[in-house]
Amino acid sequence: MVRSTLPIRPACRVVIDNDWAGDPDGLVALAHHLLSPSNELRAVTSSSLNTVFGPNDGAADRGAEFARELVDLCGVTVAVVAGPDASFTGIRRANSAADAIVAEADRDDPLPLYVVCAGPLTNVADALLARPDLADDVVLVWVGGTTEPGGWEYNRATDEDAAAFVLGTSARVIQYPLESYRRARISVAELEHDLVSTGSVGAWLWRRFIELPLPPGVLVGEVWALGDSLPVLVTALGRSSFEELSTEPGVREVDADDVRLLVGDLLAKLRRHAASA
């Protein structure tokens with residue numbers, strides 16, 4: 001991992017979970033975590049896609065392959081594990097991604113553990129089902145849900161049973177709902193310019209946007225939301241102004257300064273990685 005000249009020490013452990021074969025903003029967030037020295041990324045786990053992208057057979061494995069490519073490009077050593085394509089059942093089953101979450105929670109380590117999920121909560125739900133007291137040992141940072149009662153939101157709708165189960169436990173959850181994450185926006189022109197000009201990792205990320213198989217009828221506008229990056233504000237940048245990381249549950253808001261900080265920090269880290277490669 002590329003290190004700053006300042007003595008930045010790891011502040012937390014992170015297990016990051018997402019549907020990596022879907023919206024590439026998840027891979028942008030993964031690159032940001034991989035290149036942040038205050039994180040110790042311990043595992044990357046992959047979940048399936050919403051069926052709006054078509055049949056999801058093999059989607060978790062495809063996503064894991066994308067994640068492995070990015071991990072290698074960033075020069076980081078971390079396990080990437082795929083979960084099942086099937087939704088949460090409420091019955092214990094084989095799930096290697098959930099096992100990876102539990103294994104990290106079982107580790108004797110003084111650093112706090114954050115499970116970052118910016119997709120369906122399938123693997124998190126299976127982990128909590130396998131070890132209910134996991135809720136005492138981790139903080140879940142979830143990009144998903146909505147503050148509108150009964151409102152539709154992609155990540156929640158992908159596996160509604162998993163979301164209901166996780167949110168019904170005693171797990172500490174820092175939540176960035178739809179109303180927050182859609183505000184983490186960047187223009188597509190800026191995104192293209194900034195990614196292709198920041199070395200091999202940025203160029204690889206931009207190709208994921210170009211090659212994304214969009215669902216029928218979905219048209220791309222001139223703005224893209226980078227909402228999956230919001231947990232970086234908790235894991236990597238939570239101590240940037242010497243403030244303690246918050247573990248209090250509740251909805252998190254996003255303001256213009258947050259977005260500027262996120263995008264500026266990401267691009268600086270991509271350039272730093274390119275310069276050291």
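Which residue caps the N-terminal end of helix 3? Asn-95 does the job, with a side-chain oxygen 3.0 Å from the backbone nitrogen of Ala-97. Bear in mind that this is a predicted model. Below is a quick tour of two helices, the pocket, the cavities and a few single residues. As for open space, the largest pocket holds about 660 Å³, and a search of the whole structure turns up three cavities of 30 Å³ or more.

**Helix 3**

- Helix 3 spans residues 96-106, and its buried residues are Ala-97, Ala-98, Ala-100, Ile-101, Val-102, Glu-104 and Ala-105.
- The cover over those buried residues includes four strands' worth of names: strand 1, strand 2 (39-46), strand 3 (79-82) and strand 4 (113-117), along with helix 4 (122-130).
- Ala-97, whose backbone nitrogen takes part in the Asn-95 cap, is itself one of the buried residues.

**Helix 8**

- In helix 8 (residues 188-196), the buried set is Val-188, Leu-191, Asp-194 and Leu-195.
- Looking down the axis of helix 8, you find these buried residues within an arc of 135°, so they line one face of the helix.
- Some background on that pattern: an α-helix has 3.6 residues a turn, so residues three or four places apart point the same way.
- Flip to the face turned away from the buried side and you meet Ala-189 and His-193, both exposed.
- The packing partners of the buried residues of helix 8 are strand 7 (185-187), helix 9 (199-210), strand 8 (223-225) and helix 11 (256-276).

**The largest pocket**

- The largest pocket has a lining of 25 residues.
- Nearest the centre of the pocket sit Asp-23, Asp-25, Tyr-154, Trp-224 and Ala-225.
- Helix 5 (154-158), helix 7 (178-181) and strand 8 each put at least two residues into the lining.
- Strand 8 gives the most to this lining, with three residues.
- Sorted by class, the pocket lining comes out as 16 nonpolar, four polar and five charged residues.

**Cavities**

- The largest cavity has a volume of about 60 Å³.
- Its lining is made of Val-28, Ala-184, Arg-185, Ile-186, Leu-226, Ser-229, Val-259, Leu-262, Val-263 and Leu-266.
- Strand 7 and helix 11 are the elements that give two or more residues to the lining of the largest cavity, and helix 11 gives the most, with four residues.
- By class, the lining of the largest cavity has eight nonpolar residues, one polar and one charged.
- The second largest cavity contains about 40 Å³ of space.
- Around the second largest cavity you find Ile-186, Leu-191, Asp-194, Leu-195, Leu-226, Val-263, Leu-266 and Leu-267.
- Here the elements giving two or more residues are helix 8 and helix 11.
- Leu-191, Asp-194 and Leu-195 turn up in the lining of the second largest cavity and also among the buried residues of helix 8.
- Seven nonpolar residues, no polar ones and one charged residue make up the lining of the second largest cavity.

**Arg-13**

- Arg-13 belongs to strand 1 (residues 12-18).
- With a relative accessible area of 4%, Arg-13 is buried, since the cut-off for buried is under 20%.
- Its side chain reaches the backbone oxygen of Leu-111 at 3.0 Å.
- Not counting residues up to four places away in sequence, Arg-13 touches Glu-40, Arg-42, Glu-104, Arg-107, Asp-109, Leu-111, Pro-112, Leu-113 and Tyr-114.
- Glu-104 in that list is also one of the buried residues of helix 3.

**Two loop residues**

- Asn-50 sits in the loop between strand 2 and helix 2 (59-74).
- Asn-50 counts as buried, at 9% relative accessibility.
- The side chain of Asn-50 makes a polar contact with the side chain of Thr-158, at 3.1 Å.
- Setting aside neighbours within four places in sequence, Asn-50 is in contact with Tyr-154, Ala-157 and Thr-158.
- Tyr-154 also appears among the residues nearest the centre of the largest pocket.
- Pro-249 is found in the loop between helix 10 (232-235) and strand 9 (250-251).
- Pro-249 counts as exposed, at 52% relative accessibility.
- The C-alpha atoms of Pro-249 and Gln-175 are separated by 7.6 Å, although the two are 74 residues apart along the chain.

How values were computed: Residues are numbered from 1 along each chain as its sequence is written. This is a predicted model: local features need pLDDT of at least 70, side-chain atom pairs count only at pLDDT 80 or more; totals for chains, interfaces and linings use all residues. Side-chain values use heavy atoms; hydrogens and water are left out. Buried means under 20% relative accessible area, exposed over 50%, partly exposed in between (1.4 Å probe, protein chains only). The arc is that of the directions from the helix axis to the C-beta atoms. Contact means heavy atoms within 4.5 Å. On a 1 Å grid over the protein atoms alone, a cavity is a set of points where a 1.4 Å probe fits but cannot get out, and a pocket is an open set with protein on both sides within 12 Å along at least five of seven lines; lining residues have an atom within 4 Å of a point. Grid points are joined across faces, edges and corners, and a volume is the space filled by probe spheres set on the points. Ala, Val, Leu, Ile, Met, Phe, Trp, Tyr, Cys and Pro count as nonpolar, Asp, Glu, Lys and Arg as charged, and the others, Gly among them, as polar. A polar contact is a pair of N or O atoms within 3.5 Å; within protein, one must be able to donate a hydrogen and the other to accept it, and residues adjacent in sequence count only if both atoms are side-chain atoms.
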